[in-house]
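Me: I am new to this structure and would like a close look at one part of it. Could you walk me through the sheet, strand by strand, and then show me what lies around it?

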Amino acid sequence: MPDFSELANYLRAQIDLDSDQLYSDEPWAWSPLQAQPAVQFTPPKPAPNFTPGFAPAPPRPAPAPKPRPALMPTAKIEIPESAKSAVPSAYEKADSLEKFYELVAAEKLYAKIPFIRGEGNLNKPRLLLVVYSPLPKYLENGYAKSDVGEMVARMFGGLNVKPEEIGVTYFCKKQVSRMVLPQVALVLKKMLEKEVLLMEPQTVIFFGDKLLKQALSQNNVKVVDFGGKPLEFAKTQATALIDPEEMLTNRQLKLVTWKIQIPKCGFFG
């Protein structure tokens with residue numbers, strides 16, 4: 001994880017706040033975002049591997065390699081037929097969101113497991129938040145009532161976006177422990193494009209590196225650097241931001257999102 005201490009020093013000088021205020025847990029609570037040009041930030045150079053005034057310690061011999069444990073057999077993941085065929089799937093012809101969900105739930109990809117629909121405002125929301133896949137805590141009372149969902153609502157509340165103007169959906173609408181295969185991701189992306197077209201949101205927000213790679217096809221960048229860049233997805237303005245699960249316990253990532261990425265996209269000026 002990059003060290004953002006230089007960024008913190010820069011922001012302190014710009015907004016003239018003391019250290020306690022600067023490192024407040026949620027910067028949107030004490031510093032309403034003003035429309036402003038994006039800040040160009042160059043990550044700090046890593047510190048040298050020695051303390052000034054002292055000679056560097058001699059390198060230690062490398063430890064002997066430990067024997068690797070036997071690998072568990074990998075579970076077979078079936079590739080959906082829609083990933084192999086050029087014939088349009090039934091859901092691509094859906095003329096309503098309800099029909100779309102009905103047809104997607106019948107796809108082989110979701111046939112034998114719980115299918116998680118979107119929640120919140122799904123009819124022309126101001127913001128559609130895309131999360132990679134549901135965590136167990138999101139399924140208890142919904143994403144919006146989870147700890148991270150409440151934090152996200154407060155963040156966008158600082159941009160004058162009301163909770164009732166926000167919709168939430170999942171890229172992969174079932175629980176997964178890791179990124180899906182690229183062939184499966186292509187199918188999920190096609191499904192999401194149709195879902196967005198039916199919802200007609202004003203803006204789509206993608207959270208985290210997994211979505212940056214599989215939904216937005218940005219394979220060679222990290223969201224901490226790329227986040228906030230204005231994009232387009234399914235004929236709708238879009239951008240990627242740092243995963244709120246990472247922001248939840250990292251004050252510096254909250255600052256980067258609030259002070260760098262959100263102003264960069266220009267959607268909330």
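Reply: Happy to: we will start with the whole chain, go into the sheet, and then visit a few residues outside it. Please keep in mind that this is a predicted model.

First, the setting. The chain is made of 11 helices and 6 strands. Of its 269 residues, 41% count as buried. The exposed surface comes to about 15,900 Å², and carbon and sulfur atoms supply 53% of that area. If you take the contacts between residues at least 6 apart in sequence, 74% of them join residues at least 24 apart.

Now to the sheet. The 6 strands form an open sheet, and reading across it the order is β1-β3-β2-β4-β6-β5, with mixed pairing. The edges belong to β1 (119–120) and β5, each of which pairs on one side only.

A good place to zoom in is β6, which covers residues 236–241. How many of its residues are buried? The count is 5 of 6, so this strand is mostly covered, buried here meaning under 20% relative accessible area. On one side, β6 pairs with β4 (residues 203–207) in the parallel sense, over 5 bridges. You can find one point of this pairing by looking at F206, whose bridge partner in β6 is A240.

With β5 (residues 231–233), β6 pairs in the antiparallel sense over 3 bridges. Two rungs are easy to pick out here: E232 has Q237 as its bridge partner, and F233 stands opposite T236. As you follow β6 along, a general point may help: in a regular strand the side chains alternate between the two faces of the sheet.

The turn that joins these two strands deserves a pause. β5 and β6 form a hairpin with 2 residues between the strands, and A234 there takes a positive phi near 50°. A234 sits in the loop between β5 and β6, and its phi is positive although the residue is not a glycine. Is A234 buried or exposed? With a relative accessibility of 17%, A234 counts as buried.

There is another residue of this kind just ahead of β4. E200 lies in the loop between α7 (182–199) and β4, and E200 too is not a glycine, yet has a positive phi of about 55°. Its surroundings read differently on the accessibility scale: E200 is partly exposed, at a relative accessible area of 47%.

Next, let us look at the aromatic rings, since one pair brings us back to the sheet. The structure holds 10 aromatic pairs. One of them is Y101 with F115, an edge-to-face pair whose centres are 6.0 Å apart and whose planes stand at 65°. Y101 belongs to helix α4 (residues 97–105), while F115 is in the loop between α4 and β1, 14 residues apart in the chain. Y101 is buried, with a relative accessible area of 2%, and F115 counts as buried at 17%. Ring pairs also link these two with others, giving a cluster of Y91, F100, Y101, Y110 and F115.

The pair that touches on our sheet is Y138 with Y170. The ring centres lie 6.4 Å apart and the planes are at 20°, so this pair is stacked. Y138 is in helix α5 (residues 136–141) and Y170 is in strand β3 (residues 166–170), so the pair ties together parts that are 32 residues apart in sequence. What is the relative accessibility of each ring residue? Y138 has 4% and counts as buried; Y170 has 1% and counts as buried too.

Let us finish beyond the strands, with K254 in helix α11 (residues 251–265). K254 counts as buried, at 1% relative accessibility. Which residues is K254 in contact with, leaving aside its neighbours within four places in sequence? They are D25, E26, P27, W28, M151, M247, L248 and T249. For P27, the C-alpha atom is separated from that of K254 by 7.1 Å, though the two residues are 227 apart along the chain.

To retrace the path in the viewer, begin at β6, with β4 parallel to it and β5 antiparallel. Then step to the hairpin and its A234, and go on to Y170 in β3, paired with Y138 from α5.

Definitions and conventions:
Residues are numbered from 1 along each chain as its sequence is written. This is a predicted model: local features need pLDDT of at least 70, side-chain atom pairs count only at pLDDT 80 or more; totals for chains, interfaces and linings use all residues. Side-chain values use heavy atoms; hydrogens and water are left out. Helices (H or I, at least four residues) and strands (E, at least two) are DSSP runs, numbered from the N terminus. Buried means under 20% relative accessible area, exposed over 50%, partly exposed in between (1.4 Å probe, protein chains only). Contact means heavy atoms within 4.5 Å. Accessible areas come from the Shrake-Rupley method with a 1.4 Å probe; for residues, only the protein chains shown count as cover. Two strands pair if DSSP finds at least two bridges between them. Rings of Phe, Tyr and Trp (its six-membered ring) pair if their centres lie within 6.5 Å; planes under 30 degrees apart count as stacked, over 60 as edge-to-face and the rest as tilted.
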